[in-house]
Amino acid sequence: MINIKEVTTLFKNDRGIKNFNLVISPGEIIGLVGDNGAGKTTLIKSIFNEYKKNQGEVLHNGDSIYETGYINKISFFPDQSVYPKNINLKDYCLLEAELSGVKKEDALKLFDSLCESLDLVDYKKKTFKSLSAGMQKKALLMNCLISSPEYIILDEPTANLDVKNRLEFLNIIRSLAKSGIGILITSHLIDELEEIINRVVIVEEGQTVYSNFFDKSKDSLEEIYLRVTKKTKANNLSSVIEGNQEAPAKRDLASIIKESKNK
Ligand SMILES: Nc1ncnc2c1ncn2[C@@H]1O[C@H](COP(=O)(O)OP(=O)(O)OP(=O)(O)O)[C@@H](O)[C@H]1O
């Protein structure tokens with residue numbers, strides 16, 4: 001299992017994540033939920049050392065993933081913008097495999113099987129920009145999978161997908177978890193997360209405010225989210241009031257627009 005332990009990454013403005021703890025186990029799908037600016041991306045970039053941590057560690061079975069090289073067994077599902085424009089799927093996957101230390105013959109075999117299962121057989125020699133949005137997502141996933149990862153982290157993976165492609169993508173994620181891959185996924189689409197996750201972690205202001213197993217036959221993600229965030233927001237509000245500071249009154253949009261028209 002991956003153990004994210006007491007990770008703090010703060011920017012100069014003191015924003016970021018603070019003493020963040022999270023365990024990801026093989027085969028589970030964790031939904032990382034939080035408002036804009038809650039700290040989800042900072043957490044992900046801290047795991048991959050893209051952001052320098054102030055403190056904390058990321059362990060696999062007790063050892064640092066950076067010292068043992070286990071970080072290569074954790075794949076990040078990237079944004080479309082990272083894909084080089086003029087390289088075809090096969091060449092890019094093989095390059096990725098080489099960089100991850102996969103033997104060429106193993107990579108070729110895996111590439112062919114992935115093309116079969118992701119319905120990309122006819123697109124092996126196509127460039128990324130010539131693919132539809134749904135195929136592009138599958139091509140990016142193929143790049144993640146070519147290094148045979150044991151964990152995959154996905155930040156808003158279904159953004160820009162239509163309903164059909166979104167459902168197909170979610171099914172693929174489900175089957176990856178069934179094969180034993182541990183998955184951490186962020187999405188602002190609560191409905192879609194609810195379909196696939198078996199644990200939910202809610203983040204607010206850089207800290208975990210809720211972490212629990214999730215069973216869609218019994219739980220409602222929306223209800224949990226509203227209950228938890230309302231509670232924490234209510235606590236914050238009462239501390240403002242207790243501190244004798246005035247909480248700013250929120251004006252509704254319609255009255256602001258009306259007022260501006262009257263000027
Ligand atoms: N490069 C940066 N410099 C300064 N502050 C930053 C930087 N990146 C993020 N932050 C701040 O850190 C906090 C966490 O941001 P982060 O991007 O991790 O949130 P998020 O949960 O991923 O949001 P979103 O859902 O909008 O992607 C926010 O307050 C944000 O303004």
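Modeller: Two strands are said to pair if DSSP finds at least two bridges between them, and with that in hand we can read this predicted model strand by strand. Strand β3, residues 29-33, and strand β9, residues 199-204, are joined by four bridges and run parallel, and Val 33 stands opposite Ile 202 in β9.

Biologist: Into what order of strands do the six strands of that open sheet fall?

Modeller: The order is β6-β7-β8-β3-β9-β10, and the pairing is mixed. The edges are held by β6 (74-77) and β10 (207-213), each of which pairs on one side only, while the twist from one strand to the next averages 15°.

Biologist: Which strands make up the open sheet of four, and is their pairing parallel or antiparallel?

Modeller: That sheet has the order β2-β1-β4-β5, and its pairing is antiparallel. Since β2 (16-24) and β5 (63-64) stand at the edges with a single partner strand each, one side of each is left without a neighbour in the sheet.

Biologist: How many bridges join β1 to β2, and how many join β1 to β4?

Modeller: Strand β1, residues 2-10, is joined to β2 by six bridges, and five bridges join β1 to β4; both pairs run antiparallel. To find the register on your screen, look for Val 7, whose bridge partner in β2 is Phe 20, and then for Thr 8, whose bridge partner in β4 is Gln 55.

Biologist: What lies between β4 and β5?

Modeller: These two strands form a hairpin with two residues between them, and Asn 61, which sits in the turn, has a positive phi of about 45°. Two bridges join the antiparallel strands β4 and β5, and you can locate the pairing by His 60, whose bridge partner in β5 is Asp 63.

Biologist: Across which strands does helix α1 lie?

Modeller: Helix α1, residues 40-47, lies across β1, β2 and β4 (55-60), running at about 70° to β2. It also lies across β3, β7 (151-155), β8 (182-186) and β9, where its angle to β7 is about 145°. Taken together, α1 lies across strands of the four-stranded sheet and across strands of the six-stranded one.

Biologist: How should I read the interior, and which residues of the largest nonpolar core touch the most other members?

Modeller: A residue counts as buried if 20 or more other C-beta atoms lie within 10 Å of its own, and 30% of the 263 residues of the chain meet that condition. The largest nonpolar core holds 57 residues, of which Ile 153 and Ile 183 touch the most other members. Helix α5, residues 133-145, supplies the largest share of this core, with six residues. If neighbours within four places in sequence are left aside, Ile 153 is in contact with Ile 44, Ile 47, Ile 74, Phe 76, Phe 77 and Leu 184.

Biologist: Is Asp 91 buried, partly exposed or exposed, and what of Asp 122?

Modeller: Asp 91, in helix α3 (residues 89-99), counts as partly exposed because it has 14 C-beta neighbours inside 10 Å. Asp 122, in the loop between α4 (104-117) and α5, is exposed, because it has 8 other C-beta atoms within 10 Å and the limit for that class is 12 or fewer.

Biologist: How does separation in sequence relate to distance in space for Asp 91 and Thr 127?

Modeller: They are 36 residues apart in sequence, and their C-alpha atoms are 9.6 Å apart in space. For Asp 122 and Leu 10 the separation is 112 residues in sequence and 46 Å in space, again C-alpha to C-alpha. Across the chain, residues 24 or more positions apart account for 68% of the contacts with a separation of 6 or more.

Biologist: What does the database record annotate for residues 2-230?

Modeller: The unreviewed UniProt entry gives "domain: ABC transporter" for residues 2-230, a stretch that in this model is 36% helix and 25% strand, with its end C-alpha atoms 30 Å apart. The chain as a whole has nine helices and ten strands.

Biologist: Where is the pLDDT below 50?

Modeller: That applies over residues 243-247, a stretch with four contacts in the model beyond near neighbours in sequence. The chain averages a pLDDT of 88, and 87% of the residues score at least 70; for the complex, the predictor gives an ipTM of 0.96 and a pTM of 0.86.

Note on methods: Residues numbered from 1 in each chain as written. Predicted model: local features only at pLDDT ≥ 70, side-chain atom pairs only at ≥ 80, totals over all residues. Core = buried A, V, L, I, M, F, W, Y, C linked by C-beta atoms within 7 Å. Contact = placed C-beta atoms within 7 Å. pLDDT = per-residue confidence, 0-100. Axes fitted to C-alpha atoms, helices over the stretch in contact; angles between N-to-C directions. UniProt positions renumbered as here; feature names shortened; annotations may be inferred.
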